Amino acid sequence: MTRKVLGAVGVFLAVLTACLTAAPTPAQGDPAQGRPRPVIFVHGGAGSGAQFETQAMRLTSNGYPADRVAVHEYDSSFATNTIDDVWAGLDQLIAELQKQTGAEQVDLLGHSLGTFVSQGYLTSSPARAATVAHYVNIDGRTAAAPPGGVPTLAVWGEGDQSRQIVGAQNFYAPDQSHVQVATSAETFAQFYEFFTGRAPRTTDVVAERRSRVRISGEANLFPSNIGADGATLEIWKVDPDTGARRARRPEATFDIGADGSWGPFRANRRQHYELVLNWDAGTSHHFYFQPFLRSDHLVRLLTSRPGTGIDVLRDRSDNHASLTIVRYKEWWGDQGDLNDVLEIDDQSVLTAPIAPRTKRVNAIFVFDDNSDGVTNLAAPIPDLFGLPFITGADLYIPAATPPGDTVSLSMTARAGDGETEIVNVPNWASSQHHSSIQFRDFS
């Protein structure tokens, strides 16, 4: 499955800007087999399959087989390969799914920059368009007609409510931000009915009845989506109150190859886990999630090789911790009563300068800027704030080697169920460690 397309930052930003502005009964959809057509999601700029993780679990909550839900990943900067290479990878993925499932066509969704990829694919040749039964265009490019003549649903979030694809079904969600509209229950309900001809039985991510679920995914370099070749993944059970490991040995170990794939791992859906990527350089990237409610094959561990990429923007020391907090529903810090609340050891980090609504923040890097032991949340860390969908917060979090304390993260989502969600992690020292914490984008 070809997903690796490297690219130039200038082209990426130009195209991204254009896109931003401009257990129930089985679902039906494949007339030949009485089973749903395969679904393929194409992510946007600086994105990955992680933006479809929740929607994939909503699909399986409605009876879709997991092997009929796929993502097409690529490096959204388009430097060394062309858009033709991205389309060729999509050709290959569609052919693989047709062979595996017997389906004649797939259903395709594109988000943001992914609508540039998808619309171009559908209009590049009638043969390509013929492989797609339905197309969903999520908060990206407009068009004068359904691309390639394929039946189209266009979903639009906040911003210009006159955007449209002429001749398509156009759905507007003006209160939803750019990435939120790709992950929301409302969008799911729209595309599910568009694909199947009927409303979903649920728009929730339904916890499986059985206690054991299967998780798998990829460990990839951010934002290229190239596999973190050479890293080793360990999976540990941890104490939910402290984040500390509960055993002397990991539950599972996987060597990461060029495709980044790992798993499957049989997880307990009531258990908290640490997934850690260890590098030969002696550095480790720790990942912490809320418990996995159901089987999930789109778990993405986005990382950098030590001393490369975004990793060079973090300050390190033996005395402070370094965190990245991710949620695929933008963090708002300047909307008053509509704000999200994110606290780290009782310190609120979603200030108006750090997380303005217009910044579309999905990831917050938190560390002691300049390693001076001083917290300054009056302004974001400039190098990180300048990147799409990312911000930085200068917060001193004491650390030690080995960790001797707990860092507590609590989040209350805007327009959620009002409950505070908590993830606790050890205070790993940033000299050799970095921790990523992913909160759910659904209630």
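Here are some exercises on the structure above, each with a worked solution.

This is a predicted model, in which local features need pLDDT of at least 70, side-chain atom pairs count only at pLDDT 80 or more, and totals for chains, interfaces and linings use all residues. Residues are numbered from 1 along each chain as its sequence is written, and side-chain values use heavy atoms, with hydrogens and water left out.

**Exercise 1. Work out how compact the chain is.**

Solution. Start with the inventory: the chain has eight helices and 22 strands. Both are DSSP runs numbered from the N terminus, helices being H or I with at least four residues and strands E with at least two. Next, take the radius of gyration over C-alpha atoms and apply the globule rule, 2.2 Å times the number of residues to the power 0.38. The chain comes out at 21 Å, close to the 22 Å that the rule gives for 443 residues, so it is as compact as a globular protein of that length. For the outline, the C-alpha atoms fill a box of roughly 60 × 45 × 45 Å along the principal axes. Finally, 56% of the 443 residues count as buried (under 20% relative accessible area with a 1.4 Å probe, protein chains only; exposed is over 50%, partly exposed in between).

**Exercise 2. Trace the open sheet of six strands and find its edges.**

Solution. First, pair the strands: DSSP must find at least two bridges between them. This gives the order β2-β1-β3-β4-β5-β6, with parallel pairing. Now look at the ends: β2 (69-72) and β6 (169-172) each have a single partner strand, so one side of each is left without a neighbour in the sheet. Neighbouring strands are turned by 20° against each other on average, direction ignored. Zoom in on one pair: β1 (residues 39-42) and β3 (residues 106-111) are joined in the parallel sense by four bridges, and Val42 faces Gly110 in β3. To finish, add helix α3 (residues 83-101), which lies across β1, β2 and β3 and runs at about 165° to β2. Axes here are lines fitted to C-alpha atoms, for helices over the stretch in contact (heavy atoms within 4.5 Å), and angles run from 0 to 180 degrees between N-to-C directions.

**Exercise 3. Do the same for the open sheet of eight strands.**

Solution. The order is β10-β9-β12-β13-β22-β15-β18-β19, and the pairing is mixed. At the edges stand β10 (252-255) and β19 (390-394), each with a single partner strand, so one side of each has no neighbour in the sheet. The twist averages 20° from one strand to the next. As a sample pair, β9 (residues 232-238) and β12 (residues 272-278) run antiparallel and share seven bridges; Glu234 sits opposite Val276 in β12.

**Exercise 4. Classify two aromatic pairs.**

Solution. Rings of Phe, Tyr and Trp (its six-membered ring) pair if their centres lie within 6.5 Å; planes under 30 degrees apart are stacked, over 60 edge-to-face and the rest tilted. The whole structure holds 11 such pairs. Take Phe191 and Phe195: at 5.5 Å centre to centre and 50° between the planes, the pair is tilted. The rings of Phe265 and Tyr273 have centres 5.5 Å apart and planes at 85°, so this pair is edge-to-face. Now place them: Phe191 and Phe195 both lie in helix α7 (residues 185-196), four residues apart, and both are buried. Phe265 and Tyr273 are both buried too.
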